[in-house]
Amino acid sequence: MVSHSYNSLIICIANSSCGPRRSIDVFHGECNVDEMCCSVRVEPEKQELSAEELAKKKKKEEKAKEKELKKLKALQKAELAKQQAQQVSSNPKKSERKNVKRNADEENSEDFVEPETPCGEKKRLSRQIAKQYNPSAVEKSWYAWWEKSGFFVADVNSSKPPFVIVLPPPNVTGALHIGHALTSAIQDTIIRWRRMSGYNALWVPGMDHAGIATQVVVEKKIMRERKLTRHDLGRERFVSEVWDWKNQYGGTILKQQRRLGASLDWSRESFTMDEKRSKAVTEAFLRLFHEGLIYRDIRLVNWDCVLRTAISDIEVDYEDIKERTLLKVPGYQEPVEFGVLISFAYPLEGGLGEIVVATTRVETMLGDTAIAVHPKDERYTKFHGKYAVHPFNGRKLPIVCDDILVDPSFGTGAVKITPAHDPNDFEVGKRHKLEFINIFTDDGKINSCGGPQFSGMPRFKAREAVIEALKEKNLFRGHTNNEMRLGRCSRTNDVVEPLIKPQWYVNCSSIGKDALDAVINDENRRIEIIPKQYTAEWKRWMENIRDWCISRQLWWGHRIPAWYVMLDDDELKDLGSYNDRWIVARNEEDARVEANKKYAGKQFQLFQDPDVLDTWFSSGLFPLSVLGWPEDTEDFKAFYPTSVLETGHDILFFWVARMVMLGMKLGGDVPFRKVYLHPMIRDAHGRKMSKSLGNVIDPLEVINGISLEGLHKRLEEGNLDPNELTVAKEGQVKDFPNGIAECGADALRFALVSYTAQSDKINLDILRVVGYRQWCNKLWNAVRFAMTRLGDDYVPCEDIVPELMPFCCQWILSVLNKAISKTVSSMESYDFSDAASAVYSWWQFQLCDVFIEAIKPYFTGNDPKFACERNFARDTLWLCLEVGLRLLHPFMPFVTEELWQRLPSAANRVKKESIMICDYPSYVEKWTNEKVEYEMDLVESAVKSLRSLAKESRERRPAFALCRTGLLKDIISSHELEILTLANLSSLTVISENDAAPTGWAVSVVNENLSVYLKLRVNAAAELEKLKKKMDELQKQKEKLSQTMNAAGYQEKVPAHIHEENVAKLATLVQELLSFEEASQHLERDIAEDA
């Protein structure tokens, strides 16, 4: 058989007698000419054949003719379809391209220029939509207009149901970091969605005065500029300096929130130290004190010797040390040794020998008041009730028995006890009524109690001196490496010193129990924590809650409203010498009135406690105070309790629990109904973000873009030492070799929300943000395409009837309906990543990748036969974009506003001013069409297989679809245009099992009932090998399932619906295997023919 290729050929199909002929045009086709009368063949003479041989030959020729006719009919159909496609698309496309080129030449560049928009006015758009998405251009002007228009303000008199979020107040010292960006992205997504869903949505902004952080910043500023300390200035002048700094520099972070698009109600902005919030703090302290929940006591605290204040547990960072390590400590020129266990001996009274103890903080032995042993440790039985003698001051140290602290198998089994400087020793001291001796000054030097030999030494210098003194007395017994956890202040990097101090405390027993029940009481659960796994952590914390130390030895903060009464005849004249002399009042005048009643007839002086309250106390009141408490304001009545608290899981106890305790006690109800805890952000490699690693990501640098040189400059302006700076720069070169591309706020927000599915940590890869910025361009181009297809005079249809529409229009509305349902249900369950994925998938994979491509033939060349489809496609396209932009708006507010404003308005309907005050899309029952979705799934599967066969090739090729059921053949045939368009085919021939499949073509099994063939020269052997691997996988699945279904007791144990699913799955596997077998046989025949 001779094969030839032709551009155009009139083929005469002849019967055996060269009777009547019919001709068809074949374009770019390949045909066989053995039996055609138009072919000329000169054959050698042959010997005469017998009658039997002639009959066989005739039969063979007839079969060949029949087969050839079938091929030619199929080819005819394919080529006619191709002709139509070319008439509709190819030729007009050339014309269209010419027109586009001509129009481009005629374009007025001024039409693409955006007019300047005065601040606060609605953005003035260019006459023509820009050809490329530019985030900085799109995101400017909208926010100022939103804010000025009052779109963010909640109406206290509204009849709508309230939905309230209080923004976790960022530190007044802070600049926007990626954690703030995550918080804002999630909360703004929630609040915009609720606002569009018919709620009276309130999102309250505020700032925290950040006692320690702010004081440190201003102290450093004064030292840097004037070489003065706060003590040089005095308290009143220093606090005035802090207020000046706050008014000049504070609040930067709230301005940066605007850049992210955060729709906060700025009319209700609060500051934890403004007049209203300060009044709430004082009132809360008074109420809790008079109920016996606030008291003063002497206890062990975390002490920072640089700041000279107690600090909270959350301000302590722990560093694991494996062995002897030298670390830099503020105030010391030389590194300090840690991770070493020092052993030394205490001589026993009466010459009874010695007892060896060990410690990592040998300097604290100056405050030792006992030695503890286990009561059952026979080594020390003879020492029970005896005394050791302190080698430097002669103090007698009782040897006490304690089975709680002492582990006889650890070390020597004897433990030195320093009740004033160790949490465990503190408890031992209380149990055995030991003396509590504080040996440190507030700035970390040895005081007079430490003895004249060491007095005035910095604590870590004293460590060295004590070791030398022990050696001199022959009491040093050696040292060894020791694993330990070292606590350091997160603000100053100072090593935290446990110190005994008089402090104010909140008794958390009863209010902690109430807060625990609010979360775990199944019968009356008042707060839901999301994700649920943190409920167990809540239970663990609250069941073991300790009283809360709320005083800090700072100058910046809420001064404790307590005055000490010092009587003229008091023997002790130090502040706080008598613990019962404290009077709690709103102001000094009220305190004096109370003191006169209590100490009538006595002369006294009043001194206000110099300490301030823990910052967490005022921020714990924030849900109450921002709404006007303690006054019964309209805001408080309308908006308390709030709806949801969204924050990081790292402050579940330090802030969330305290808000719940204070809210329930003082506000009469829980402060919020739900708590959503977002993950902590790490870099792309899972590392904690650290300036020294160079992996800190500034969200504004992601939004605006920054060069590698710019990143380096930021590091250089910091306070890293030269070695750290080198390491950090190397990290930036590795992670951001080309800097960070401009992504815009929308892309950053969408990326962060999409990441929330990552358990308790987010490994943030900037390339993913860049990907979403590119996706914004896809949205942009979709609307640009729509505007060109809709035309200037297009008026959207008032109502649509899906069943009258073309197939692809029905389908896109049906899947849009599903996207709406999925998005709303995911938002309601706080699965923000799923919600973002649902919106993204519809826009990307269904609207842009399928629908917009599928409707292009309707608009090509304005073919009159597609006039009806064209009109329906316009209406559907407008509807999809309008609904789709509203669906996306809470996630990406800027680009959706810009594009939505460009869409034409529906007739007889007043367009709302902004997309953000439109209704959020809801499910439309008549849009759903499961049959259409099923058919499109088949179409897409076929297209996917054909594209996979074509790989990167964009050449239009003919294809066959082999359907093994009549229903499937009807479906594929009825959607031939969609498959031709989406798979970029020149023709599609639909055949059944009885028809001959083309040979030498690439083949793919779509499913058990459908295979597709593409005219493409392939390596048949390689394709066969792939098919056999797939068949092996299917065979294993079939055997495994069969084994399960044939196992003993299967019928009795497996529910009926599972059994039915397995039966159906097994049947599908069997059919798929048959389909693959058929395809492999096809390839085997090709291989045989080629051989």
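## Buried helices

Buried means under 20% relative accessible area. This structure is a predicted model, and that cut-off sorts its residues below.

Helix H22 spans residues 744–754. Of its 11 residues, 11 are buried, so the rest of the structure largely encloses it. The buried residues of H22 start with Gly744, Ala745, Asp746 and Ala747. Leu748, Arg749, Phe750 and Ala751 follow. Leu752, Val753 and Ser754 complete the list. Charged side chains are among them: Asp746 and Arg749 are buried in H22.

Helix H28 covers residues 893–902. It is mostly covered, with 10 of its 10 residues buried. Its buried residues include Pro893, Phe894, Val895 and Thr896. Glu897, Glu898 and Leu899 are buried too. So are Trp900, Gln901 and Arg902.

## A paired, enclosed strand

Strand E21 runs over residues 484–489. Five of its six residues are buried, so E21 is largely enclosed by the rest of the structure.

Its partner is strand E11, residues 316–321. The two run antiparallel and are joined by six bridges. One contact can be named on each side: Val316 has Cys489 of E21 as its bridge partner.

## A negative surface patch

Four glutamates gather on the surface as a patch of negative charge: Glu334, Glu464, Glu468 and Glu472.

Glu472 belongs to helix H11, residues 459–472. Its relative accessible area is 67%. Exposed means over 50%, so Glu472 counts as exposed.

Notes. Residues numbered from 1 in each chain as written. Predicted model: local features only at pLDDT ≥ 70, side-chain atom pairs only at ≥ 80, totals over all residues. Heavy atoms only, no water. Patch = residues over 30% accessible without salt bridge, like charges linked within 9 Å, V, L, I, M, F, W, Y side chains within 5 Å. Areas by Shrake-Rupley, 256 points an atom, 1.4 Å probe, with all protein chains shown as cover. Salt bridge = Lys/Arg side-chain N within 4 Å of Asp/Glu carboxyl O. Charge placed at Lys NZ, Arg CZ, Asp CG, Glu CD. Helix = DSSP H or I, 4+ residues; strand = E, 2+ residues; numbered from the N terminus. Buried < 20%, exposed > 50% of the residue type's maximum accessible area, 1.4 Å probe, protein only. Pairing = 2+ DSSP bridges.
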